[in-house]
Amino acid sequence: MPTYISLVQFTDKGLQAAKETTRRVSDWAAKVKSRGVTVKEMYWTLGQYDQVCVFEAPNDETAASVLLAADMLGNIRTQTLRAFTSSEMETILGKSP
């Protein structure tokens, strides 16, 4: 299943409700599970990003839809990267001309 890494920043609204962040993540993880999405790890971080979320989704469309739904709540903004394992990268490299 494809892996994604989301770099998350709190909005002003999200900062005001920062004490609820762990509950919001837990609620979101439970909600998206029905869409085939599995949150592998969530880290709260220092620096430019407030969180890093590593998750799996069946496809890009599903990943985009659950992230858009989360962003629409107004607590966060995300930048998401599609991640590849070593074996996936070997397959990609094998297809390059």
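**Exercise 1. Determine the order in which helices and strands follow one another from the N terminus on.**

Solution. Helices (H or I, at least four residues) and strands (E, at least two) are taken as DSSP runs and numbered from the N terminus. Read in this way, the elements of the chain run β-α-α-β-β-α-β-α, which amounts to 4 helices and 4 strands. The model is a predicted one, in which local features need pLDDT of at least 70 and side-chain atom pairs count only at pLDDT 80 or more, while totals for chains, interfaces and linings use all residues. Residues are numbered from 1 along each chain as its sequence is written, and side-chain values use heavy atoms, with hydrogens and water left out.

**Exercise 2. Find which rings are linked into a cluster by ring pairs, and describe each pair.**

Solution. Rings of Phe, Tyr and Trp (its six-membered ring) pair if their centres lie within 6.5 Å, and planes under 30 degrees apart count as stacked, over 60 as edge-to-face and the rest as tilted.

Step 1. The structure holds 2 aromatic pairs. Tyr4 and Phe55 form a stacked pair, with 5.3 Å centre to centre and 25° between the planes. Because Tyr4 belongs to strand 1 (residues 3-10) and Phe55 to strand 3 (residues 51-56), this pair ties together parts that are 51 residues apart in sequence.

Step 2. The rings of Trp28 and Phe55 have centres 6.2 Å apart and planes at 85°, so this pair is edge-to-face. Here Trp28 in helix 2 (residues 21-33) is linked with Phe55 in strand 3, 27 residues apart.

Step 3. Ring pairs thus link Tyr4, Trp28 and Phe55 into a cluster. Both Tyr4 and Phe55 are buried, and Trp28 is buried as well, where buried means under 20% relative accessible area, exposed over 50% and partly exposed in between (1.4 Å probe, protein chains only).

Step 4. The charged end of Arg82 sits over the ring of Tyr4, 5.9 Å from its centre; the criterion is that NZ of Lys or CZ of Arg is within 6 Å of the ring centre and within 35 degrees of the ring normal.

**Exercise 3. Locate Asn75 and decide whether Asn75 is buried or exposed.**

Solution. Asn75 lies in the loop between helix 3 (60-72) and strand 4 (76-83). With a relative accessible area of 11%, Asn75 is buried. Leaving aside neighbours within four places in sequence, Asn75 is in contact (heavy atoms within 4.5 Å) with Gln9, Phe10, Thr11, Lys13, Gly14 and Arg24.
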